[in-house]
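Please look through the sequence and the model below before reading on. The report that follows takes up strands and helices in turn, under short headings.

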Amino acid sequence: MTLAVRYLAARTLDTAPAENPPPGPGQVEIAPAYVGICGTDLHIFHGDMDARVAAPAVLGHEMSGRIVRVGAGVEGWAPGDAVTVMPLRWDDTCPACRAGHQHICQHLDFIGIDSPGAMQQRWTVPATTLVRLPGSLPLDHAALVEPTAVAVHDVGRAQVHADEKAVVVGGGPVGILIALVARAAGAEVRVVELSSHRRRLAEKLGLTTWDPAADDLPELVREWTGDAGADVAFEVSSAQGGVDTAVDVLGVRGRLCLVAIHPRPREVNLHRFFWRELTLVGARLYDRTDFEKAVTLVADGTVPAQQLISKVVPMAQAPDAFEALEGGGDVMKILVDCTDDSQGAAQ
């Protein structure tokens with residue numbers, strides 16, 4: 001019996017013993033080391049995804065760890081290997097899969113939402129979901145590979161090119177990662193963010209930030225682009241104001257990449273789309289090439305993981321970490337340490 005962080009009901013988590021099945025054919029058992037808490041996990045915590053998440057549910061999909069056991073028929077993997085998991089299981093039969101878009105399978109099992117996740121001391125997953133980590137990459141840093149893969153996919157969907165001007169609206173973890181990946185692609189980047197803490201962190205990473213509450217954004221965009229407008233904008237704020245800003249900063253034939261999850265319909269200035277021939281693209285999840293590129297970006301320091309990790313907490317303190325993240329502004333990324341066998345279950 002091992003410990004797991006479980007979602008029980010809205011705003012209710014516990015750390016309790018949980019059974020993990022041994023690896024069957026084609027499966028591996030992992031000892032998760034570090035698991036990041038992301039915005040989707042917060043949506044679950046708030047009860048917003050109860051129609052999809054069956055409580056008690058083990059959370060977590062941003063992870064790193066080591067293989068403990070391999071099931072029958074698994075080749076190329078061995079106990080001790082450092083890995084992360086691309087937490088997607090698709091059916092390979094639906095129209096999306098047949099068209100080559102398995103990552104948005106119409107019957108997708110997102111592991112950590114639709115099935116048990118990584119926030120536990122032992123975790124059994126299909127070997128096909130494994131992504132190898134270099135031995136030199138610290139496992140706490142490697143927990144940022146999954147959100148970095150999101151950013152890689154977003155930048156790819158937006159077709160960002162060198163010397164383009166890109167605006168990222170929302171400077172949370174994914175927004176900062178998008179800015180870093182876009183900069184690595186050669187773009188000139190601006191981050192629009194209300195939180196002074198997040199702006200300071202972005203600036204420490206060498207990014208230029210704008211405060212939408214204090215700055216004259218239209219004037220800044222005109223000065224920056226010579227009145228042309230940005231080539232691409234990423235909406236990562238999940239707010240109506242962010243949508244408006246992302247549309248307004250774009251120049252003729254600019255591309256808007258929608259990254260944030262908007263739980264309700266938003267108003268969009270369609271006249272602006274008509275007048276400037278704008279393009280809107282959605283970006284959801286990632287594929288294996290995105291994940292493999294993300295490993296490289298974290299390992300080579302393009303993504304400075306250590307500076308993005310606000311704190312690391314033991315499993316028993318995970319409920320407090322979720323509450324700390326609700327405030328948003330003073331923390332960036334919190335990791336849950338799943339390696340401490342001595343910690344007791346929270347009562």
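## Strands E5, E6 and E3

How many bridges join E5 to strand E6? In this predicted model, strand E5 covers residues 62–70 and is joined by 2 bridges to strand E6, residues 82–85, with the two strands running antiparallel. One residue pair that can be looked up in the structure is Gly 65 with its bridge partner in E6, Val 83.

Strand E5 also pairs with E3, again in the antiparallel sense, and here the pairing extends over 8 bridges. Within this pairing, the residue of E5 that serves as bridge partner to Glu 29 is Arg 69.

## Strand E18 and its neighbours

Strand E3, which spans residues 27–36, also pairs with E18 in the antiparallel sense, over 3 bridges, and Val 35 stands opposite Val 336 of E18. Strand E17, made up of residues 309–314, pairs with E18 as well, but in the parallel sense and over 5 bridges; in E18, Ile 334 is the residue that stands opposite Lys 311.

Is strand E18 largely enclosed or exposed? Strand E18 consists of residues 333–337, and because 5 of its 5 residues are buried, the strand is largely enclosed by the rest of the structure. The covering applies to both of its faces, since Lys 333, Leu 335 and Asp 337 are buried on one side, while Ile 334 and Val 336 are buried on the other.

## An open sheet of three strands

An open sheet is formed by 3 strands in the order E2-E1-E4, and the pairing in this sheet is antiparallel. The edge strands are E2, residues 12–18, and E4, residues 57–58, each of which pairs on one side only. Strand E1, which covers residues 2–9, is paired with E4 in the antiparallel sense over 2 bridges, and the bridge partner of Tyr 7 in E4 is Ala 57.

Strand E2 contains Pro 17, a residue that is partly exposed, with a relative accessible area of 48%. The C-alpha atom of Pro 17 is separated by 42 Å from that of Arg 266, a residue that lies 249 residues apart from it along the chain.

## Helix H4 against H5

Helix H4, residues 145–157, and helix H5, residues 173–184, have axes that come within 8 Å and cross at roughly 55 degrees. The two helices are therefore oblique to each other, and H4 passes H5 in a right-handed crossing.

On the side of H4, the residues that meet H5 are Pro 147, Thr 148, Val 150, Ala 151, Val 152, Asp 154 and Val 155, and their counterparts in H5 are Val 174, Leu 177, Ile 178, Val 181 and Ala 182. When the residues of this contact are divided by class, 10 are nonpolar, 1 is polar and 1 is charged.

## Helix H4 against H10

Helix H4 also crosses helix H10, residues 288–299, at roughly 115 degrees, with axes that come within 8 Å, and this crossing is right-handed. The contact is made by Val 145, Glu 146, Thr 148, Ala 149, Val 152 and His 153 of H4, together with Asp 290, Phe 291, Lys 293, Ala 294, Val 295, Leu 297 and Val 298 of H10. By class, the contact of H4 with H10 has 8 nonpolar, 2 polar and 3 charged residues.

Notes:
Residues numbered from 1 in each chain as written. Predicted model: local features only at pLDDT ≥ 70, side-chain atom pairs only at ≥ 80, totals over all residues. Heavy atoms only, no water. Axes fitted to C-alpha atoms, helices over the stretch in contact; angles between N-to-C directions. Helix = DSSP H or I, 4+ residues; strand = E, 2+ residues; numbered from the N terminus. Parallel < 35°, antiparallel > 145°, perpendicular 65-115°, else oblique. Left-handed = near helix turned anticlockwise from the far one by under 90°. Contact = heavy atoms within 4.5 Å. Nonpolar A, V, L, I, M, F, W, Y, C, P; charged D, E, K, R; others polar. Pairing = 2+ DSSP bridges. Buried < 20%, exposed > 50% of the residue type's maximum accessible area, 1.4 Å probe, protein only.
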